[in-house]
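Hi everyone, thanks for making time. I'd like to walk you through a structure that may be new to you, so let's get it up on the screen.

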Amino acid sequence: MSFVHLHTHTNFSFGDGACRIPELVAAAAGMGMPALAVTDHEGLYGAVRFYQACKAAGIKPIVGVELTVEPAVAVGGRPWSPDADAAGATAGAEGGYGVEGGSAGPPKAGPKGAERPPDAPYPPAAPGDPADHAAFAPDGHIRHLTGSATVPPAAARAAGAGGHHLVLLARDYKGWSNLCRIISAAHLEHPGEPPVARLATLAEHGGHLVALSGCRRGEIWSRLLAGDKAGARAAASVFHELFGRDFFVELQHELLPDSGQSLRALDLLAHELRIPTVATNDVHYTVKADAGLHDVLAAEAANQPLPNPLGRRNAELYLRSPAQMRRLFQRYPEAYANAARIAERCNLDLGLGRLLFPAYPLPPGETAFSLLWKRCFKGAEQRYRPLTAEVTARLERELKVVRELGFAEYFLAVHDIVEFARARHISYSGRGSAGNSIVSYVLRVTDADPIAHELLFERFLNPARREMPDVDIDFCSARRDEVIQYIYERFGHDRVAMVATVNTVRAPSAVRIVSRAFGFTPEEINGLSKRVPWGSAAKLGEMLAERPELADHAFQAPHYRRLVHVAERLSGFPAHLGTHLGGFILSRDPLTDRVPLQWAAKGVVVAQFDKDDVETLGLVKMDILALKMHSAIAEAVRRIEARTGEQVRAWELPRDDPEVYTLIRSARTVGLFQLESSGQRNLATRLQERDFEDVIAAISLFRPGPLQADMIAPFIRRRHGREPVTVPHPAMERILRRTYGVIVYQEQVIEVAAAVAGFSLAEGDMLRRAMTHERSLEEMDEIGRTFVEKAVARGVDQAAADEVFRQLRGFAAYGFNKAHAACFAIVCNASAWLKAHEPAAFYCGILNNQPMGFYSPRVVLNDARRFGLAVRPLDVNLSGEWFEDENDGRALRVGLGYVKEMSAAARRAIVEGRAGHGRSRVGEGVGGPSPAPACAAPAPMSPSPPHPPSAAASGGAGGRPLDTTGEPARPYTSLADFVARTRVSREIAENLVRLGAFDALGVRREELVAHVPCSMQERSR
């Protein structure tokens, strides 16, 4: 029976593990081990990747965690018991047990030595009440809405964090779910602190788990080292009570002077209590040579320089072979054998390949698919008038695939979310490959007609590949939080969480980490790292050898060679978790049944997995993104309606408006969505867009891939007739007619494969994917041979087939998703129409939603002047909180929000003060206390004002600010009157004076600046 390592840390132990998962698994497989466990600190961060790597290597994956657990023996020697824990949260301060925010229900500790209930089949049944989970309140909401990110183990230890280590291994999927619940509770119950698991939580969710007593930081071993044999015995009894025969005393032979004595003491205690033992090596690095790399990571996590922030005294925590472990534990053969026995009992099946869609509430008598069918055809009748046979056939074909793949509930959930946004007039637009689907179009998730633009459903959902749909939706950034709140309320607070991102070490950060560990001064660290280019740390040596700008870098000196080598070894190491920009998980069960949760640094709850791991587990990820262009367009539309009474439907505007294309061809596209960059403006002068298809092409062509492949030049030459349009085979003419024979879109690759070689559209998408990913020359040649053989078999000339594949091979990797470009082009059309027809409202929307786009507010404002708009200055009696359009849409008034030091409270006070009820604070002006007399610097317009409220809230959509109080307006008559009624700070008053906001009162700015201190003194009397 071969040995199995059951206590192993990968580099997902954030600061306390140096094992790369692929290297670790390959080493274990090479040693002939039948299984391997991962037990990273405080989470399952790398568990999915580890599981996949083990499956690929043909060994059994065992998934676990090394948790920090509260003491099993309190001060005074009193062992934990369920009754003691239930006594109350205040007992913890007196050496007892209980932590606020713990389990809602009583702990369920089994009798000593008792076997747990039989394993449940995959997937486990969802608990009926979310309050059963320790991390959730009785109403199902996650406890605490503020918190902090994971604290690296080394940092927690350096800070003196309490608790002891305990290793838990999942025996099956029910055990996986229990691990997720225990980890989530440990993180969510202690916001702002290192996670510590409660014993009551272990008692409640300890089923289907194997527990190991841990390393020197485990409670049993640490008490023995301290000479507290009675405490060690009591702690062992507590854990034996909690886990029964699934609890093992862990033996580790560290080859230290006291190792023999520790092993004997642990073995004797286990023998006395009739608890089995198990041998482990507490693996922290795959090979012995990486011990130094582990020390560097630990030094960074503990914020301490080397040597040895964790107190390691040798380099023995590596992946030993079974033969080495047998020799090491020859006096403890039972402990050695138990490692394999435990491995045999652990049989986790994560059920990869299953898709777990959120449960959607259905009306009586309906199935998810029947309801989706009705909604789709109702939407089709609204989108298509008349509803043609072509539309009906396409819709029925797509719905058939949706039914076969089991995606009906997913589309209902997406439709539910966008219907909420539409009902509340929250601007949004779907994009990405979802635009290829007529189902998405008739459900109003996307707005690009897939029939009119020849978009292929197979690019979105391939019947040959059952994979998660990818639907990205951009919402108005000002109101996105309303949508997010609705998602939580609609689908359940315990069933929604954000997706994490794994931030990895790059070249500059690798240099800083190693330099800090080596004890360099901050000045030295900055000097070494600031010139290192952003890129893979693995290529640091290559950069130094090849890049001219690094020829005189200090790293060229020989004594930095070791630093460079260690930094290269850190390449791609996980550094910490981040938060995905807009990725949300929606689950049909409580999320803690499936994934562990924790706090992110932004104060939101995230899963411990990134988007790829989430999708691997079969969970639904939906991107709920924010787009400021939506906010700008929505504001412009509100202003137009307030001024003219006309309702502008931005996404239904004509797409053949001559003024729109005249504007685009002129390259005066500052502020236009997707077309305002200098490169796009240059392309517009050459391409000379004439219709909507040209806009789609422009968005697709100005990308790194097409630029690298030189696709733009032949497209433009053919577009203007300077080069003949040719294709290698007549079957390509219809497919490439809109792009003049140039393969621009990914959808065209699929269609060409179908038309020339007889691939089905699903097979064509598989071909596109195969050519898009990095392949060896041999693999690409094999793909080419298959394509040519199929084409020749259909009567295509050999030379023509070779040329078709050459073009596919050359352009497939650079082609753009046409559906994505078409969806973006609709937003672009709306922004261009507004600029062409309602420029004042358009510029207000752009300027009041900064930062956005490529240009600063000053550049945008200058562009407005060139567009013929008058820009009126700041005026305390006329300016609103933000930019306003005046003079029937022919002028812009600068808003108060662009004044330096101006706070939201100060803006409101100034606007409201004109209605006669300015705000007042005792001892402090709005915007901060008045400093000692000093000259404030002149205040130019800030390039980044905070996001404004709606037009109505900020004073109306046009003309002078609206008085929402109903009181008669009372203009400010003097500086003293202004200061007395608004209570603004001295800095704000001086900045307003210097910017000319009081010029209309007829007093020179220099005189008013001198009077500011006096006005402040008069106000304070």
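Let's start with helix H36, which runs over residues 857-866 and has Pro857, Val860, Leu861, Asp863 and Ala864 buried. Why do they sit on the same side of H36? Because they cover an arc of only 155° around the axis. And what lies over them? The cover for the buried residues of H36 includes two helices, H34 (818-837) and H35 (839-847), along with two strands, E14 (870-872) and E16 (891-893). After H36 comes glycine 868, and its phi is positive, near 95°.

I should say now that this is a predicted model, so please keep that in mind throughout.

Okay, stepping back for the overall picture. We have 1021 residues here, and 58% of them count as buried. The secondary structure adds up to 40 helices and 16 strands. If you take the contacts with a separation of 6 or more, 76% of them involve residues 24 or more positions apart. On the outside, the protein exposes about 40,000 Å², with carbon and sulfur atoms supplying 52% of that.

Now go to the other helix I picked, H1, residues 21-30. Its buried residues are Ile21, Leu24, Val25 and Ala28. Looking down the axis of H1, you'd see them fall within an arc of 90°, so they line one face of the helix. Which exposed residues does the face turned away from the buried side of H1 carry? Those are Pro22 and Gly30. Covering the buried residues of H1 we find, among others, E1 and H2. And just after H1 there's glycine 32, with a positive phi of about 80°.

Stay with E1 and H2 for a second, because the loop between strand E1 (35-41) and helix H2 (47-57) holds glutamate 42. Glutamate 42 isn't a glycine, yet its phi is positive, about 60°. Is glutamate 42 buried or exposed? Buried, with a relative accessible area of 7%.

There's another residue like that, aspartate 888, in the loop between strand E15 (884-886) and E16. Again not a glycine, aspartate 888 has a positive phi of about 55°. Here the relative accessibility is 51%, and since the cut-off for exposed is over 50%, aspartate 888 counts as exposed. And E16, you may recall, is part of what covers the buried residues of H36.

Next, a couple of loop residues that are tucked in. Leucine 348 is in the loop between helix H12 (333-345) and helix H13 (368-383). With a relative accessible area of 5%, leucine 348 is under the 20% cut-off, so we call it buried. What does leucine 348 touch, leaving out residues up to four places away in sequence? The list is Tyr51, Val63, Arg171, Asp172, Tyr173 and Trp176. Alanine 170 is 178 residues from leucine 348 in sequence, but C-alpha to C-alpha the two are 6.9 Å apart.

The other one is valine 742, between helix H29 (733-736) and helix H30 (746-757) in a loop. Valine 742 is buried too, with a relative accessible area of 6%. Setting aside neighbours within four places in sequence, its contacts are Met711, Pro714, Phe715, Arg718, Leu736 and Gln748. From valine 742 to isoleucine 712 it's 30 residues in sequence and 9.2 Å in space, C-alpha to C-alpha.

While we're on loops, let me show you a pair of cis peptide bonds. One goes from leucine 306 to proline 307, with omega near 10°, and proline 307 lies in the loop between helix H10 (291-302) and helix H11 (322-328). The other goes from arginine 385 to proline 386, with omega near 5°. Proline 386 is in the loop between H13 and helix H14 (389-405).

Last stop is the second largest pocket, with about 540 Å³ of space in it. Helix H22 (611-616), strand E13 (620-627) and helix H31 (761-772) are the elements that give two or more residues to its lining. How many residues line this pocket? There are 21, and nearest the centre are Arg459, Glu467, Asp470, Glu615 and Arg769. Split by class, the lining has 12 charged, five polar and four nonpolar residues.

That's my tour. Happy to go back to any of these spots on the screen.

Technical notes: Residues numbered from 1 in each chain as written. Predicted model: local features only at pLDDT ≥ 70, side-chain atom pairs only at ≥ 80, totals over all residues. Heavy atoms only, no water. 1 Å grid on protein atoms, 1.4 Å probe; cavity = no way out; pocket = protein on both sides within 12 Å on 5 of 7 lines; lining within 4 Å. Points joined across faces, edges and corners; volume = space filled by probe spheres on them. Helix = DSSP H or I, 4+ residues; strand = E, 2+ residues; numbered from the N terminus. Nonpolar A, V, L, I, M, F, W, Y, C, P; charged D, E, K, R; others polar. Buried < 20%, exposed > 50% of the residue type's maximum accessible area, 1.4 Å probe, protein only. Contact = heavy atoms within 4.5 Å. Areas by Shrake-Rupley, 256 points an atom, 1.4 Å probe, with all protein chains shown as cover. Arc of directions from axis to C-beta.
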